[in-house]
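Colleague: Please take one part of this model and go through it closely for a first-year student. Give the cut-off for each term where it comes up.

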Amino acid sequence: MTNLKSAVFFDRDGTLIYDAHYLKDKKDLKLFEKTAKAIKKLNENNILTILISNQSGVARGYFDENTVNELNEYLNHLLKQENAHLDGFYFCPHHIKGSIEKYSVDCDCRKPKIGMINQALKDFKNIDMTKSYIVGDKECDINMAKNADLKSILVQTGYGNKDKEICTPNYVAKDIEDAIDWILKDILISK
Ligand SMILES: [Mg+2]
Ligand SMILES: [Zn+2]
């Protein structure tokens, strides 16, 4: 149990990139201005950066899993151009009311359920859950944090400005950079 690391679990749409509403085309994938700079701060502090995203567009038949993988790779490519990177990528392709039978199930991974976090814990093996966080723009992100017993930060980009009325994160951030600065301070305090 040596070398445990903090992790920050990120929502994608509306948190790291503009919410393009069922994004399926690279040309519509645009980082927020401060995203790379913020992620880089975590990379430099040896904190794991892990994407966890609901992508019910797969179950709805709007795009396939391969498209999601390609978009996530492209997202990392854009980050790497600015010397930042994400360490892991998880997404839930399911939705109970989907149109593709295979994906139209009541799964354990759609946020606010915590299947994606449990999978990351198995894959990485060194995540310190007592010093890890979730950053997202929706109620389901904040409720996932509660279900996983993690601290949560709601960013007011994407749906955050609306959803702050209906959920109780540990911190409401202006944007991704504000969220990361709060996390870095919080880790220092709790050491
Ligand atoms: Mg979102
Ligand atoms: Zn799922």
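Modeller: The account below starts with one helix and then turns to what surrounds it.

This is a predicted model, in which local features need pLDDT of at least 70 and side-chain atom pairs count only at pLDDT 80 or more, while totals for chains, interfaces and linings use all residues. Residues are numbered from 1 along each chain as its sequence is written, and chains are lettered from A and ligands numbered from 1 in the order in which they are written.

The part chosen is helix α6, residues 176–189. Helices (H or I, at least four residues) and strands (E, at least two) are DSSP runs, numbered from the N terminus. The 14 residues of α6 should span 20 Å at 1.5 Å a residue, and the end C-alpha atoms are 20 Å apart, which agrees. The expected span is 1.5 Å times one less than the number of residues.

Which residues of α6 are buried? They are Ile176, Ala179, Ile180 and Ile183. These residues cover an arc of only 95° around the axis, so they are on the same side of α6. The arc is that of the directions from the helix axis to the C-beta atoms. An α-helix has 3.6 residues a turn, so residues three or four places apart point the same way. On the other side of α6, Lys185, Leu188 and Ile189 are exposed. A residue is buried if 20 or more other C-beta atoms lie within 10 Å of its own, exposed if 12 or fewer, and partly exposed in between, with C-beta atoms placed from the backbone.

What covers the buried residues of α6 includes β1 (7–10), α1 (35–44), β4, β5 and β6. From α1, take Leu42. Leu42 counts as buried because it has 23 C-beta neighbours inside 10 Å. Not counting residues up to four places away in sequence, Leu42 touches Val8, Ile47, Thr49 and Ile180. Contact means that the C-beta atoms of two residues, placed from the backbone, lie within 7 Å.

Next come the covering strands. Strand β4 (residues 133–136) and β5 pair in the parallel sense over four bridges, with Gly136 opposite Leu154 in β5. The chain crosses from β4 through helix α4 (residues 139–148) to β5, and this β-α-β crossover is right-handed. Right-handed means that, with the strands pointing away from the viewer, the path from the first strand over the helix to the second runs clockwise. Strands pair if DSSP finds at least two bridges between them. Three bridges join β5 to strand β6 (residues 171–173), and these two strands run parallel; Val155 stands opposite Ala173 in β6. Four of the five residues of β5 (residues 151–155) are buried, so β5 is largely enclosed by the rest of the structure.

Ala179 of α6 is also among the residues with the most contacts inside the largest nonpolar core, which has 50 residues. The others with the most contacts are Val8, Phe9, Phe10, Ile50, Val135 and Ile153. A nonpolar core is a set of buried Ala, Val, Leu, Ile, Met, Phe, Trp, Tyr and Cys residues joined through C-beta atoms within 7 Å. Leaving aside neighbours within four places in sequence, Phe10 is in contact with residues including Ile50, Ile52 and Val135.
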